[in-house]
Amino acid sequence: MLNIVLFGPPGAGKGTQAEFLISSYELIHLSTGDLLRSEIAAGSGLGMEAKAYMDKGELVPDEVVIGMIENKLEANKNAKGFIFDGFPRTTDQAKALDVLLNRLGTPITAMLSLEVEKQELIDRLLSRGKNSGRADDQDKSIIENRISVYNEKTSPLIEYYKKQDKYYGIDGMGSIEDIAGRLKEIIEKQN
Ligand code: AMP
């Protein structure tokens, strides 16, 4: 299996690049942000609980997102692999993911970290917010908070995957096609 953690701050282009990669490699795209937004749209209890955190740009509790990922892994045991997008976001989530994947006998292949300057992240998110209607992409202070939460709680995962020799930093500036090319170059080298 090819199991990729697509990593980076909000606005780095994880979702866009995941779309490219799933079509090239027939992987299952697991975005915890998308899964949570589906729960909100469905009006579920879990969705309502998550919304309160998401509206502030805070992280949803680990056990909620870990449970969602566990269900998806169980439901797709015969997949060719997974792209994790927006997950893991804390060290506890990364540890839980390792446990779940070990159970399936298929570890993380690589962590591809998209690196984008802060001002570019803010510009991209505000521009996405105009079209997507996502409330957390429309307010500059919520966006700033999401980036701070990333720096504080999520960026330590770079060290976590470096220790496992799985970290690859990728320049996330430039055209969508150029960035996709950089990602593919690294994926092709895996095995
Ligand atoms: P995203 O679509 O990845 O930008 O996520 C949108 C929001 O969903 C985040 O700001 C968090 O509130 C929540 N979220 C998504 N994924 C996670 C995660 N792995 N852990 C905690 N909260 C998450």
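**View 1. The ligand occupies the largest pocket of this predicted model.** The space taken by the ligand is the largest pocket. The volume of this pocket is about 790 Å³. A total of 41 residues line the largest pocket, and K14, R89, R128, R134 and R146 are the closest to its centre. By class, the lining of the largest pocket splits into 16 nonpolar, 13 polar and 12 charged residues.

**View 2. Helices and strands both contribute to the lining of the largest pocket.** Two strands, β1 (2-7) and β2 (28-31), each supply at least two lining residues. So do the helices α1 (14-25), α2, α6 (118-132) and α7 (140-154). Helix α2 provides the largest share of this lining, with 5 residues.

**View 3. A shell of 16 residues surrounds the ligand.** Within this shell, T32, R37, E58, G86 and R89 come nearest to the ligand. Which helix gives the most to the shell around the ligand? Helix α2 (residues 32-42) does, with 4 residues. By class, the shell holds 6 nonpolar, 4 polar and 6 charged residues.

**View 4. Nitrogen atoms of the ligand pair with polar atoms of V60, G86 and R89.** At V60, a backbone N or O atom lies 3.0 Å from a nitrogen atom of the ligand. G86 also takes part through its backbone: one of its polar atoms there is 2.9 Å from a ligand nitrogen. R89 uses its side chain instead, with an N or O atom 2.9 Å from a nitrogen atom of the ligand. How much of the ligand does the protein bury? Taken alone, the ligand exposes 480 Å², and the protein buries 96% of that.

**View 5. The second largest pocket holds about 160 Å³ of space.** Its lining consists of R37, I40, K51, M54, D55, R134, A135 and D136. Both α2 and α3 (45-54) supply at least two of these residues each. The lining of the second largest pocket has 3 nonpolar residues, no polar ones and 5 charged ones. Two of its names appear in earlier views. R37 lines this pocket and is among the residues that come nearest to the ligand. R134 also lines this pocket and is one of the residues closest to the centre of the largest pocket.

**View 6. A cis peptide bond joins F87 and P88.** Omega of this bond is about 0 degrees. Most peptide bonds are trans. P88 sits in the loop between β3 (81-85) and α5 (91-104). In sequence, F87 and P88 fall between two residues shown in View 4: G86, with its backbone contact to the ligand, and R89, with its side-chain contact.

**View 7. E26 has a positive phi.** Its phi is near 55 degrees, and E26 is a residue other than glycine. Most residues other than glycine have a negative phi. Where is E26 found? E26 is in the loop between α1 and β2. Both of these elements also supply residues to the lining of the largest pocket.

Terms used: Residues numbered from 1 in each chain as written. Predicted model: local features only at pLDDT ≥ 70, side-chain atom pairs only at ≥ 80, totals over all residues. Heavy atoms only, no water. Near = heavy atom within 4 Å. Polar contact = N/O pair within 3.5 Å; in protein donor to acceptor, adjacent residues only side chain to side chain. Areas by Shrake-Rupley, 256 points an atom, 1.4 Å probe, with all protein chains shown as cover. 1 Å grid on protein atoms, 1.4 Å probe; cavity = no way out; pocket = protein on both sides within 12 Å on 5 of 7 lines; lining within 4 Å. Sits in = over half its atoms within 2 Å of the grid points. Nonpolar A, V, L, I, M, F, W, Y, C, P; charged D, E, K, R; others polar. Points joined across faces, edges and corners; volume = space filled by probe spheres on them.
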